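The following paragraphs lead the reader through one protein model, element by element. Please keep the sequence and the coordinates at hand while reading.

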Amino acid sequence: MKKMLLLIIVLALIVGAAFLGFSRDWQTPAIKMAEATYVNQSVVAMVSDNRGLGEVCSYLNGKVDEKSCVNADGATSYKLEVDLSTLADGEYEVCVEVADANLYFPNRVSQCQSYVLDKVPPKAVLESATRYMRRGGGAAVFVSTPEREDNIRLSVGEYKFRFISNAEGTRHFAIFTHPYDVEVSAFKPVVEIEDRAGNIRRLLVDTVTRDRQFKQDTLNIPRSFIERKSLEMLNKEGSGKETFLEMNRTMRVESRARIIAVTSASLSSEPLWTGAFYRNPGAPKAQFAERRTYLLDKEVIDHQTHYGIDIAGLAKMPIKAANNGVVIFAENLGIYGNCVIIDHGGRVFTMYAHLSQIDVAPGTTVAKGQVVGRSGNTGMAGGDHLHFTIYISDVPVEPAEWFDPAWLQTRIDDIYNDFKAEE
Ligand SMILES: [Zn+2]
């Protein structure tokens, strides 16, 4: 009987040892600490173990005896946030130590990394800005920063405008607009400067804006127009409402997206223009930001906004570049037909649409007054005319301002000259 009991005990020990051996988890937990060197609040570490985590601890500057721990309760992954927000700015070595959930032989692993805590937003001064502007019109701002700042932008709600900076990254200039579709009460241009640690300094630009009414217009669409344009633009037959909307809505959205892509891909450069922008001759037809209602057989079938101005002169008249710049687009562009886009630097662009002929290629440097093509009626154009748009960044603006030398000098160029005048 005694022998039997001994045998059972020995067997139990063997089984127990085998169980412990098999349950031994040879894999150590993984630690992935935040890569950024500069932080403004906390350091995040992701810890994981495919068989479960036990204690997750952290300590600063090698002070193991001051470590604080939480139990991950067997979770396979855990997000540890080491809060530094109550500490003084400076450099810290953050260590994370993790044990897996193994009850008998927990695997431990630790990892340390240095971080710079910086809770102070960048310093910046609003040096000069356009004093007065109009809804749909342009303005400029010059900001200086005592230290190099590379991440600076101007926001008007969802609209973003890029800055150009000097070589030291301490002086910054941007042209922006009060977008035609933003109510005066909602217009708050804000300069945002973000540092390496993620701190953001915000400066409200105190430019005063004025509201304005945009013209309303009603266009009767003849079926013969839909028929002709459907063949030209969609390469198919059609004269009904659906065919018209395929061009006036779907294709319009695609054309707009392409213009945004083309202008935002263009590298920022300093203004290349000299003096007021040239207006091609002819009678003014449609105006900027005109609200259009489209009728087919007296039924309202669509509403759209006209982003440029229409100028009707002689048929196939030579179209000249409004100012010095570089051609960044010269081909067919959906509703705009044959189209040329020129980058004038300073994030200002001009577009010439519905051309019958294009005489320049992307990359061509053009001077003010140089012929870029001939007017026509390609795209959504009933008759021969020039559709002309000025973009600030990718937002269409009132071109009349840019034709006016006094406006350009006092609203844009004076601010730019302040930016260029190094003390
Ligand atoms: Zn037009």
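**A guided reading of the model**

Strand β4 (residues 53–60) and strand β7 (residues 90–100) run antiparallel and are joined by six bridges. Within this pairing, V56 stands opposite V98 in β7. The model under discussion is a predicted one. Both strands belong to an open sheet of five strands, ordered β2-β8-β7-β4-β5, in which the pairing is mixed. The edges of this sheet are formed by β2 (38–39) and β5 (68–71), each of which pairs on one side only.

Strand β6 (residues 77–83) contains S77. With 15 other C-beta atoms within 10 Å, S77 is partly exposed, since the cut-offs are 20 or more such atoms for a buried residue and 12 or fewer for an exposed one. Leaving aside residues up to four places away in sequence, S77 touches M46, V47 and S48. Y336 lies 259 residues from S77 along the chain, and the C-alpha atoms of the two are separated by 54 Å.

The overall dimensions may be considered next. The protein has a radius of gyration of 33 Å, whereas a compact globule of 423 residues would have one near 22 Å. Taken along the principal axes, the box filled by the C-alpha atoms is roughly 120 × 65 × 40 Å. The secondary structure comprises five helices and 32 strands. Of the 423 residues, 35% are buried. Among contacts between residues at least 6 apart in sequence, 65% join residues at least 24 apart.

A second open sheet merits attention. It has three strands in the order β19-β21-β22, again with mixed pairing. Because β19 (216–220) and β22 (299–306) stand at the edges with a single partner strand each, one side of each is left without a neighbour in the sheet. From one strand to the next, the twist averages 25°. Strand β21 (residues 290–296) runs antiparallel to β22, and seven bridges join the two; in β22, E299 is the bridge partner of L296.

Helix α3 (residues 241–265) lies across β21 and β22, and runs at about 20° to β22. V253 is found in this helix, α3. Is V253 buried or exposed? V253 is exposed, because only 12 other C-beta atoms lie within 10 Å, and a count of 12 or fewer defines that class. G334 is 81 residues from V253 in sequence, and the two are 9.5 Å apart in space, C-alpha to C-alpha.

Helix α2 (residues 223–234) offers a check on helix geometry. At 1.5 Å a residue, its 12 residues should span 16 Å, and the end C-alpha atoms are 15 Å apart, which agrees. Just after α2, N235 takes a positive phi of about 55°.

Helix α5 (residues 405–420) may be examined in the light of its span and its bend. A straight helix of 16 residues would span 22 Å at 1.5 Å a residue, but α5 spans only 20 Å between its end C-alpha atoms. A kink of about 40° is present in α5, centred on D413. The buried residues in α5 include R411, I412, I415 and F419. What covers the buried residues of this helix, α5, includes the strands β9 (125–129), β11 (138–144) and β15 (171–177).

Strand β15 deserves a closer reading. Seven of the seven residues of β15 are buried, so this strand is largely enclosed by the rest of the structure. In a regular strand, the side chains alternate between the two faces of the sheet. In β15, R171, F173, I175 and T177 point one way, while H172, A174 and F176 point the other way, and all are buried.

Which residue of β15 is the bridge partner of V141? The partner is A174; β11 and β15 run antiparallel, with seven bridges joining them. Strand β14 (residues 164–165) also pairs with β15 in the antiparallel sense, over two bridges, and the bridge partner of I164 in β15 is F173. β14 and β15 form a hairpin with five residues between them, and G169 in the turn has a positive phi of about 70°.

Key:
Residues are numbered from 1 along each chain as its sequence is written. This is a predicted model: local features need pLDDT of at least 70, side-chain atom pairs count only at pLDDT 80 or more; totals for chains, interfaces and linings use all residues. Helices (H or I, at least four residues) and strands (E, at least two) are DSSP runs, numbered from the N terminus. The expected span of a helix is 1.5 Å times one less than its number of residues. The bend at a residue is the angle between axes fitted to the seven residues ending there and the seven starting there. Two residues are in contact if their C-beta atoms, placed from the backbone, lie within 7 Å. Two strands pair if DSSP finds at least two bridges between them. Axes are lines fitted to C-alpha atoms, for helices over the stretch in contact, and angles run from 0 to 180 degrees between N-to-C directions. The radius of gyration is taken over C-alpha atoms; the globule rule is 2.2 Å times the number of residues to the power 0.38.
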